Amino acid sequence: MNTMTGLRLLPWSDPEGRPCYLASDSDDSPLNRRADQIEALQLSMGTELLGHARALLGDHKADARELRFLADRLCEALRDALRVAESRGRRLPVHDEDGDRVTDRAGPTGE
């Protein structure tokens with residue numbers, strides 16, 4: 001969790017596509033556990049999609065429609081993976097140049 005704001009970037013967006021955040025006192029809260037499960041599922045699906053992509057790209061009979069569909073799914077998987085990386089990165093402890101842990105972190109936008 002972001003130590004300054006206490007906000008966790010969740011692996012889903014609101015209906016308008018804006019990021020969702022969770023404020024929780026516990027990393028073991030039901031919503032935190034659910035977010036962890038969804039992140040794991042998103043990463044697993046991305047890995048599986050990558051295998052399908054390799055197979056489809058190796059098929060010289062694949063048509064443009066199939067390749068566009070694949071590109072759309074790969075973009076979705078990459079977006080999900082980047083969101084997971086951003087969320088997890090924000091929850092890593094920050095250290096100063098001397099290796100001391102710093103608790104003053106930037107806000108939800110990372111600024």
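**Exercise 1. Determine how the end-to-end reach of helix α2 compares with the span expected at 1.5 Å a residue.**

Solution. The model is a predicted one.
Step 1: helix α2 has 27 residues.
Step 2: the expected span is 1.5 Å times one less than the number of residues, and for α2 this comes to 39 Å.
Step 3: from the first C-alpha to the last, α2 reaches 39 Å, close to the expectation.

**Exercise 2. Apply the reasoning to helix α1 and state whether its span agrees or disagrees with the expected value.**

Solution.
Step 1: helix α1 covers residues 30-58, a run of 29 residues.
Step 2: at 1.5 Å a residue, α1 should span 42 Å.
Step 3: the end C-alpha atoms of α1 lie 42 Å apart, so the span agrees with the expected value.

**Exercise 3. Place the two helices within the order of elements of the protein chain.**

Solution.
Step 1: the protein chain contains 2 helices and 4 strands.
Step 2: read from the N terminus, the order is β-β-α-α-β-β.
Step 3: of the contacts in the chain with a separation of 6 or more, 52% join residues 24 or more positions apart.

**Exercise 4. Identify the buried residues of each helix and what covers them.**

Solution.
Step 1: in α1 the buried residues are N32, A35, I38, E39, Q42, G46, L49, A53 and L56.
Step 2: the general geometry helps in reading such a list: an α-helix has 3.6 residues a turn, so residues three or four places apart point the same way.
Step 3: the cover over the buried residues of α1 includes β1, β2 and α2.
Step 4: in α2, L70, A77, D80, R83, V84, S87 and R90 are buried, and their cover includes β1, β2 and α1.
Step 5: for the protein chain of 111 residues, the buried share is 26%.

**Exercise 5. Establish whether L49 is buried or exposed, and which residues it contacts beyond its sequence neighbours.**

Solution.
Step 1: L49 belongs to helix α1.
Step 2: its relative accessible area is 17%, and the cut-off for burial is under 20%, so L49 is buried.
Step 3: with neighbours within four places in sequence set aside, L49 contacts L70, R73, L74 and A77.
Step 4: one of these partners, A77, is 28 residues from L49 in sequence, with a C-alpha to C-alpha distance of 8.0 Å.
Step 5: another partner, R73, places its charged end over the ring of F69, 4.5 Å from the ring centre.

**Exercise 6. Describe the pairing of strands β1 and β2 and the turn between them.**

Solution.
Step 1: β1 (residues 7-13) and β2 (residues 19-23) pair in the antiparallel sense over 4 bridges.
Step 2: within this pairing, L7 stands opposite A23.
Step 3: the two strands form a hairpin with 5 residues between them, and G17 in the turn has a positive phi of about 90°.
Step 4: along β2, C20 and L22 point to one face and are buried, whereas P19, Y21 and A23 point to the other and are not.

**Exercise 7. Classify D27 as buried or exposed, and relate its position to R8.**

Solution.
Step 1: D27 lies in the loop between β2 and α1.
Step 2: its relative accessibility is 57%, and therefore D27 counts as exposed.
Step 3: D27 and R8 are separated by 19 residues in sequence and by 9.7 Å between C-alpha atoms.

**Exercise 8. Compare the accessibility of C20 and C75, and state how many disulfides and aromatic pairs the structure contains.**

Solution.
Step 1: C20 has 18% relative accessibility and so counts as buried.
Step 2: C75, at 54%, counts as exposed.
Step 3: a search of the whole structure returns 0 disulfides.
Step 4: the search for aromatic pairs likewise returns 0.

Notes:
Residues numbered from 1 in each chain as written. Predicted model: local features only at pLDDT ≥ 70, side-chain atom pairs only at ≥ 80, totals over all residues. Heavy atoms only, no water. Pairing = 2+ DSSP bridges. Buried < 20%, exposed > 50% of the residue type's maximum accessible area, 1.4 Å probe, protein only. Contact = heavy atoms within 4.5 Å. Disulfide = S-S within 2.5 Å. Phe/Tyr/Trp six-rings, centres within 6.5 Å; stacked < 30°, edge-to-face > 60°. Lys NZ or Arg CZ within 6 Å of the ring centre and 35° of its normal.
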